[in-house]
Amino acid sequence: MKLDKVLSFDDVLLVPKYNPVRSRSEVSLATQVGGLSLESPILGANMPSVCGHEMATALSSEGALGIIHRMCSIEKQASMVQKSEGYVGAAIGIGDDWKERAAACIDGGAHIICVDVAHGDQDRVVEVSRQFLEEFDVPLIIGNIATEDAARSFIMGLCMEDQSRVALKAGVGGGSLCSTRVKTGFGLPTLESVWRISAALEKYGSPMSLIADGGLKNSGDICKSLAAGADAVMLGSLLSGTDEAPGDVVKNGDALYKMYAGSASHGAKKKFFGKAEYIEGAERLVPYKGPVQKIVQGLHEGIRSGMTYAGASNLEEFQVKAEFVQITAAGYRESIPHGLL
Ligand code: XMP
C-alpha cells in the first residue's frame with residue numbers, strides 16, 4: 001500500500017528571500033474573503049468561548065472579522081450580531097432552521113455567513129450552500145473540508161458566477177481542542193489541506209477564496225498558511241482568554257484564567273443542548289491575556305515581518321515569492337528557542 005507523507009506547520013519553514021521592502025509599515029495585510037474586503041487576514045472562530053459581539057467589535061476595530069457562534073437561539077445570535085460594531089459574520093448549521101437563522105443574522109447586520117459543519121464534505125452542505133447563494137446576496141464561508149475531492153464537490157456543485165462570493169474553510173481535526181483525530185483516526189494537517197484545496201481551486205479556475213482553520217499556534221503558522229494559499233486564517237486558541245472572549249475570568253491563587261471550550265466539548269454541548277451525548281472536543285482553562293487588540297496587533301506585526309522575509313509588500317506577492325522547505329527534527333529544534341543548556 002502506498003502511503004502519502006503529509007506535512008504540518010512544524011515540519012516546514014519558509015526560505016528567506018531578497019527584501020526590497022524598506023519598512024514593515026509598507027506591508028499591506030489587506031485581503032478578501034468571499035469578495036468581502038478586510039484589512040486583516042484574521043478571523044475569530046465561531047466558538048461560544050471565542051466570538052460573541054464584544055470579540056466581533058474588537059476584531060473589526062483592527063480590520064479583522066469575527067464570526068458569531070451559532071450555539072444559542074436564533075434570537076440571541078441575531079441580537080449579538082446587532083450589537084456588534086463594524087464588519088461581522090455569523091455561523092449557521094445545515095439543520096431545518098438554517099434559512100431562518102441566516103435571514104435573522106443578515107437582518108441583524110451580518111456581512112458574511114459561515115456554514116459551520118465539522119465534516120463539510122456532504123451533499124447536504126453543497127445543497128444548503130447552493131440555496132443560500134441563490135436566495136441571499138451575501139458572501140458565504142463553507143467549512144470545514146480537508147481534501148481536493150471535497151473542494152471539487154463545491155466547485156462542481158455551486159454556480160460558477162456565485163463562487164466569487166464563497167470562501168472554503170480548510171482544516172479537519174487540527175484545532176487545539178479537537179479530539180476528532182483521537183476519537184476517529186481521521187484528519188489531515190491543516191497546512192496540507194490548504195495546499196490541496198488551493199491546488200484544486202487553481203486547477204479548476206475557481207475564484208473561491210480559502211481560509212486555514214485549526215492548529216495555528218503563532219504568527220509563524222499564520223504566515224505559513226497564507227504562503228500556502230490561504231487568503232485568511234481562523235483563530236480560536238490565539239484569541240481565547242482575552243477580555244473580549246465570552247466568559248468570566250477565573251482566579252486561582254495569583255493566576256487568572258478564562259475557559260476555552262471546543263464547540264463539541266462536554267461543557268459547550270451541555271450549555272447549548274442541555275445534554276452532551278457525544279463529545280469530540282476538549283475544554284481547558286487558558287491564561288487570561290487582557291485586551292484582544294494587543295494580541296491581534298502582535299500577530300499583525302509578526303505577519304508583516306514574515307512578508308518582508310519573503311520580500312513581499314502584500315499577500316499576492318507573498319504567495320508568489322514564498323518557497324517552503326521541509327525540515328528535520330534537528331531543524332525544528334534549531335527553530336525554537338534553545339541553547340539554554
Ligand atoms: P484553534 O487551534 O485555533 O482551532 O484553537 C480552532 C478551530 O477548532 C475547531 N473546533 C473544534 N474541532 N472539536 C473539534 O474537533 C471541537 O469541539 C471544536 N471546537 C472548535 C474549529 O474549526 C475552530 O475554528
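Helix H8 passes helix H10 in a right-handed crossing. This is a predicted model. The briefing covers the packing of its helices, one cis peptide bond and the surroundings of its ligand. The ligand has 21 residues around it, and the protein covers 89% of the accessible area that the ligand has on its own.

**Helix packing around H10**

- Two packed helices are described by the angle between their axes and the distance between the axes.
- H8 spans residues 219–227, and H10 spans residues 292–309.
- Their axes lie 9 Å apart, and the packing angle is about 50°. That angle makes H8 oblique to H10, because angles between 35 and 65 degrees are neither roughly parallel nor roughly perpendicular.
- Helix H1, residues 53–61, also packs with H10: their axes come within 10 Å and cross at roughly 40°. H1 is therefore oblique to H10.
- H1, too, passes H10 in a right-handed crossing.

**Helices H3 and H4**

- H3 covers residues 98–107, and H4 covers residues 123–135.
- The axes of H3 and H4 are 11 Å apart, at an angle of about 40°. The two helices are therefore oblique to each other.
- The crossing of H3 and H4 is right-handed.

**A cis peptide bond**

- Most peptide bonds are trans.
- The bond from Gly-143 to Asn-144 is cis, and its omega is near -5°.
- Asn-144 belongs to strand S8, which runs over residues 140–145.

**The ligand and its shell**

- Of the 21 residues around the ligand, five come nearest: Ser-176, Cys-178, Asp-213, Tyr-260 and Glu-280.
- By class, the shell holds twelve polar, seven nonpolar and two charged residues.
- Asp-213 reaches the ligand through its side chain: an N or O atom there is 2.6 Å from a ligand oxygen.
- Gly-215 uses its backbone: a polar atom there is 2.8 Å from an oxygen atom of the ligand.
- Ser-237 also comes in through its backbone, with an N or O atom 2.9 Å from a ligand oxygen.
- On its own, the ligand has 520 Å² of accessible area, and the protein covers 89% of that.

Notes
Residues are numbered from 1 along each chain as its sequence is written. This is a predicted model: local features need pLDDT of at least 70, side-chain atom pairs count only at pLDDT 80 or more; totals for chains, interfaces and linings use all residues. Side-chain values use heavy atoms; hydrogens and water are left out. A residue is near a molecule or strand if one of its heavy atoms lies within 4 Å of it. A polar contact is a pair of N or O atoms within 3.5 Å; within protein, one must be able to donate a hydrogen and the other to accept it, and residues adjacent in sequence count only if both atoms are side-chain atoms. Accessible areas come from the Shrake-Rupley method with a 1.4 Å probe; for residues, only the protein chains shown count as cover. Ala, Val, Leu, Ile, Met, Phe, Trp, Tyr, Cys and Pro count as nonpolar, Asp, Glu, Lys and Arg as charged, and the others, Gly among them, as polar. Axes are lines fitted to C-alpha atoms, for helices over the stretch in contact, and angles run from 0 to 180 degrees between N-to-C directions. Helices (H or I, at least four residues) and strands (E, at least two) are DSSP runs, numbered from the N terminus. Angles under 35 degrees count as roughly parallel, over 145 as roughly antiparallel, 65 to 115 as roughly perpendicular and the rest as oblique. A crossing is left-handed if the near helix is turned anticlockwise from the far one by less than a right angle, and right-handed if clockwise.
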